[in-house]
Amino acid sequence: MTASSNTSSHSCLEGCNAGSVYHEVAVHLAHAGFLLVATGAGFSADSGLPVYQDIARVAAYEAMDLTYRDLCTPGMLKDDAHLFYGFWGSCYAGYKEKTPHNGYQILEKWRDQLFGVNSKCHERLQRRMRASHDATDLTTGLTPFFVYSSNVDGHFRRLFSATEVLEIHGSTDYWQCSAPCTDQVWSLPPSYRFSVDPATMRTHPTPAKPTPDPPPFTRGLPVSAVEPQGEEEPSAAKQCPPTYSEEVFVQT
């Protein structure tokens, strides 16, 4: 985590033993002018999600000698769509079924108490912006708190707004066509799950070709940097042929 310094103090110091690591961290937080939280797969692990090096440790993938990077390449969609959707379908289900661990709530509390619209930090930021003739309206909820994450599980978006989170590899919450038929991004309905055979990790039948954004490591700009088009049904991609095959999903 990164914080810029100033000279104020906050109530977060209460209850910390002077000289302890916790007290030192609390001092930095209390004196911060902004907070940037940078996270990777390790942050999701406490929610019960596998880290990148473990996510492909499945008997079916090992039998095919496939690694995580093999499964994440766009070429997998063309070469073996059953396997591509089996992988991302199982990931999507795993992410949706897990509850973000308490660390997310702790960060939310830090944001609200130390950097929220009613905090002293926010008041100082407003004064500095007015002094520099910056016309940005901070009363709309913008705060000097940001998350920069390589995780694709979408868990930060459950607690924080789109203006506070940048998912640099995108998120399985947002999908778009793999063919150049539309730039529109949409979300799957919450009840949808891919029908995946755990013995083979494949879906059947072969779905039409929307892809999650990811696949990580394969695109220059993450879709999460663009505002999603709302929680529309997959058929929202009007210019595409039928975007999803209902047979690919099971209702929960």
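Mentor: A residue counts as buried when its relative accessible area is under 20%, as exposed when that area is over 50%, and as partly exposed in between (1.4 Å probe, protein chains only). The structure is a predicted model, in which local features need pLDDT of at least 70 and side-chain atom pairs count only at pLDDT 80 or more, while totals for chains, interfaces and linings use all residues. Residues are numbered from 1 along each chain as its sequence is written, and side-chain values use heavy atoms, with hydrogens and water left out.

Trainee: How many helices and strands does the protein have?

Mentor: Both kinds of element are DSSP runs, numbered from the N terminus: helices are of type H or I with at least four residues, and strands are of type E with at least two. Counted in this way, the protein has nine helices and ten strands.

Trainee: What percentage of the 252 residues in the protein is buried?

Mentor: The total for the protein covers 252 residues. Of these, the share that is buried comes to 45%.

Trainee: Among contacts between residues at least 6 apart in sequence, what percentage joins residues at least 24 apart?

Mentor: A contact is formed when heavy atoms lie within 4.5 Å. Once contacts between residues at least 6 apart in sequence are taken, the part that joins residues at least 24 apart is 70%.

Trainee: Is Leu29 buried or exposed?

Mentor: Leu29 belongs to helix H1, which spans residues 21-30. Outside its neighbours within four places in sequence, Leu29 is in contact with Leu35, Trp110, Leu114 and Phe115. Its relative accessibility is 8%, so Leu29 counts as buried.

Trainee: How many Å apart in space are Leu29 and Trp110, C-alpha to C-alpha?

Mentor: Trp110 is one of the contacts of Leu29. Along the sequence the two are 81 residues apart, yet in space their C-alpha atoms are separated by 8.5 Å.

Trainee: Which element gives the most to the largest nonpolar core?

Mentor: A nonpolar core is a set of buried Ala, Val, Leu, Ile, Met, Phe, Trp, Tyr and Cys residues joined through side-chain atoms within 4.5 Å. The largest such core has 28 residues, and Tyr61, Leu71, Tyr85, Phe87 and Trp175 have the most contacts inside it. At least two residues of this core come from each of helix H3 (59-63), helix H4 (68-72), helix H5 (75-79), helix H6 (81-97), strand E5 (171-177) and strand E6 (192-194). With nine residues, the element that gives the most is H6.

Trainee: How many residues has the second, separate core?

Mentor: This core includes Val37, Leu107, Leu114 and Phe145. In total, the number of residues in the second core is 15.

Trainee: Why is Cys91 not bonded to the closest cysteine sulfur, and in which residue is that sulfur?

Mentor: A disulfide is a pair of cysteine sulfur atoms within 2.5 Å, and by this rule the count is zero. Cys91 is buried at 5% relative accessibility, and Cys72 is buried at 1%. The sulfur of Cys91 remains unbonded because 7.3 Å is too far for a bond to the closest cysteine sulfur, that of Cys72.

Trainee: Is Asp65 buried or exposed?

Mentor: Asp65 has its place in the loop between H3 and H4. Its phi is near 55°, a positive value in a residue other than glycine. The relative accessible area of Asp65 is 66%, so this residue is exposed.

Trainee: What is the relative accessibility of Met201?

Mentor: Met201 is placed in the loop between strand E7 (196-197) and strand E8 (202-203). Its phi, near 60°, is positive in a residue other than glycine. Met201 counts as buried because its relative accessibility is 9%.

Trainee: How many Å apart in space are Ser47 and Lys98, C-alpha to C-alpha?

Mentor: Ser47 lies in the loop between helix H2 (41-45) and H3 and is buried, with a relative accessible area of 8%. Apart from neighbours within four places in sequence, the contacts of Ser47 are Lys98, Thr99, Pro100, His101, Tyr104 and His155. Ser47 and Lys98 are 51 residues apart in sequence, while the C-alpha distance between them is 6.5 Å.

Trainee: What is the relative accessible area of Ser150?

Mentor: Ser150 is found in the loop between strand E3 (145-149) and helix H9 (156-159). Leaving aside neighbours within four places in sequence, Ser150 is in contact with Thr39, Gly40, Ala41, Tyr52, Ile168 and His169. Ser150 is buried, and its relative accessible area is 15%.
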